[in-house]
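Please work through the following exercises with the sequence and the model side by side, trying each task before reading its solution.

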Amino acid sequence: MATFKEFRNNVKPNWCPGCGDFSIQAAIQRAAANVGLEPEELAVISGIGCSGRISGYINAYGLHGIHGRALPIAQGVKLANRELTVIASGGDGDGFAIGMGHTVHAIRRNLNITYIVMDNQIYGLTKGQTSPRSAEGFKTKSTPEGSIESTLSPLEIAMSAGATFVAQSFSSDLKQLTSLIEAGIKHEGFSLINVFSPCVTFNKINTYDWFKENIVNLEQFPEYDPSNRMAAMNKIMETEGMLTGLIYQNKQRKSYEDMITGFQQESLSKQDLTLSEADFNKLVAEFK
Ligand SMILES: Cc1ncc(C[n+]2csc(CCOP(=O)(O)OP(=O)(O)O)c2C)c(N)n1
Ligand code: SF4
């Protein structure tokens, strides 16, 4: 069985020293080993951003896609080869700005994919503009007088889009993050894991200390029941989206793959999809 070290490759990340994304990389590698995967059983698909580089830093199948398009690619990979464990990842700009339409529909489609958002509340790669996750009043190069737009709540959006698994964590809490990624991989459907991942270079407000002061860990509420949708929505609103842990899980709803008519257990990539000449001609005749 592969250890987490076997999910490492020899590419040296070029993230800034102290960037939260390092811990997310480590957590993915540990979670993959802990659930018993081999590198050839995992595909990591990412968008564009500092965070998007992650697919190149893990020894597994990987694709560094285009900005905001990690999820369409990840869904294609999963549909073509359902035997692969598919992790999609990217930044809050990638998933909640340009890619938001894909995020909402991937959530409601519920393919068996784990989506890890590396949420630093800013655009890192393009050197520090506001993202939909930036707070009102947040000053950046694109909002020198402070952002006048309201902050987007991905957890509330995920819940209202019919999510079957919603979790949030902090890159510094490697233990919690690893166990949530393991739970996300095991979940039979789409799992959204939003991870606070400080950008030490451009975001001087949402720092490690700021997160430590503001995070509300769900462990404080032993009676909390993540199968209760109403309680999950209430807790997200009560904590202004700063809660961490497993927020909601619906184990009843089947994944897209398990509901789609004719979609077989054997992955498409292993099936003989050759069309006979007779069938081809029959198909073409339908369009005449
Ligand atoms: C279609 C397109 N639009 C815009 C860009 C420029 N761009 C690259 S990364 C990025 C945002 C980066 O922020 P985020 O997704 O939050 O990732 P981070 O760098 O913070 O990890 C933008 C706007 C692009 N590469 N492609
Ligand atoms: S700019 Fe920010 S997000 Fe990008 S690598 Fe540096 S610390 Fe990380």
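**Exercise 1. Determine how the lining of the second largest pocket divides by class, and where that lining comes from.**

Solution. The lining residues of the second largest pocket divide into eight nonpolar, eight polar and three charged, where Ala, Val, Leu, Ile, Met, Phe, Trp, Tyr, Cys and Pro count as nonpolar, Asp, Glu, Lys and Arg as charged, and the others, Gly among them, as polar. This is a predicted model, in which local features need pLDDT of at least 70 and side-chain atom pairs count only at pLDDT 80 or more, whereas totals for chains, interfaces and linings use all residues. Residues are numbered from 1 along each chain as its sequence is written, chains are lettered from A and ligands numbered from 1 in the order in which they are written, and side-chain values use heavy atoms, with hydrogens and water left out.

Next, locate the pocket: 19 residues line it, and Arg133, Thr151, Glu240, Gly241 and Met242 are those nearest its centre. Two elements, helix H5 (154–160) and helix H8 (229–238), give two or more residues each to this lining, and H5 supplies the largest share, three residues. Helices (H or I, at least four residues) and strands (E, at least two) are DSSP runs numbered from the N terminus. The space in this second largest pocket is about 300 Å³.

A pocket here is an open set of points on a 1 Å grid over the protein atoms alone, where a 1.4 Å probe fits, with protein on both sides within 12 Å along at least five of seven lines, and lining residues have an atom within 4 Å of a point. Grid points are joined across faces, edges and corners, and the volume is the space filled by probe spheres set on the points.

**Exercise 2. Describe the largest pocket in the same way.**

Solution. The largest pocket has a volume of about 400 Å³. Its lining holds 27 residues, with Gly49, Cys50, Tyr123, Gly124 and Leu125 nearest the centre; by class, these 27 residues are 12 nonpolar, 10 polar and five charged. Helix H3 (residues 92–98) contributes the largest share of the lining, three residues.

**Exercise 3. Trace the sheet from strand to strand, and explain which strands stand at its edges.**

Solution. The open sheet has eight strands in the order E2-E1-E3-E4-E6-E5-E8-E7, with mixed pairing. Strand E2 (61–64) and E7 stand at the edges, because each has a single partner strand and one side of each is therefore left without a neighbour in the sheet. Two strands count as paired if DSSP finds at least two bridges between them.

Now follow the parallel pairings. Strand E1 (residues 42–46) runs parallel to E3 and is joined to it by five bridges, with Val44 opposite Ile87. E3 in turn pairs in the parallel sense with strand E4 (residues 113–119) over six bridges, and here Gly90 stands opposite Val117. E4 and strand E6 (residues 191–196) are parallel as well, joined by six bridges, and Thr114 has Ser191 as its bridge partner. Finally, seven of the seven residues of strand E3 (residues 85–91) are buried, meaning under 20% relative accessible area (1.4 Å probe, protein chains only).

**Exercise 4. Place Asn217 and Gln25 in their surroundings.**

Solution. Asn217 belongs to strand E7 (residues 216–217) and counts as buried because its relative accessibility is 18%. A polar atom of the Asn217 side chain lies 2.9 Å from the backbone nitrogen of Glu219. Leaving aside residues up to four places away in sequence, Asn217 touches Asp173, Gln176 and Thr244, contact meaning heavy atoms within 4.5 Å.

Gln25 lies in helix H1 (residues 21–34) and is buried, at 10% relative accessibility. With residues up to four places away again not counted, Gln25 touches Pro13, Trp15, Ile54, Tyr57 and Ile58.

Conventions:
Buried means under 20% relative accessible area, exposed over 50%, partly exposed in between (1.4 Å probe, protein chains only). A polar contact is a pair of N or O atoms within 3.5 Å; within protein, one must be able to donate a hydrogen and the other to accept it, and residues adjacent in sequence count only if both atoms are side-chain atoms.
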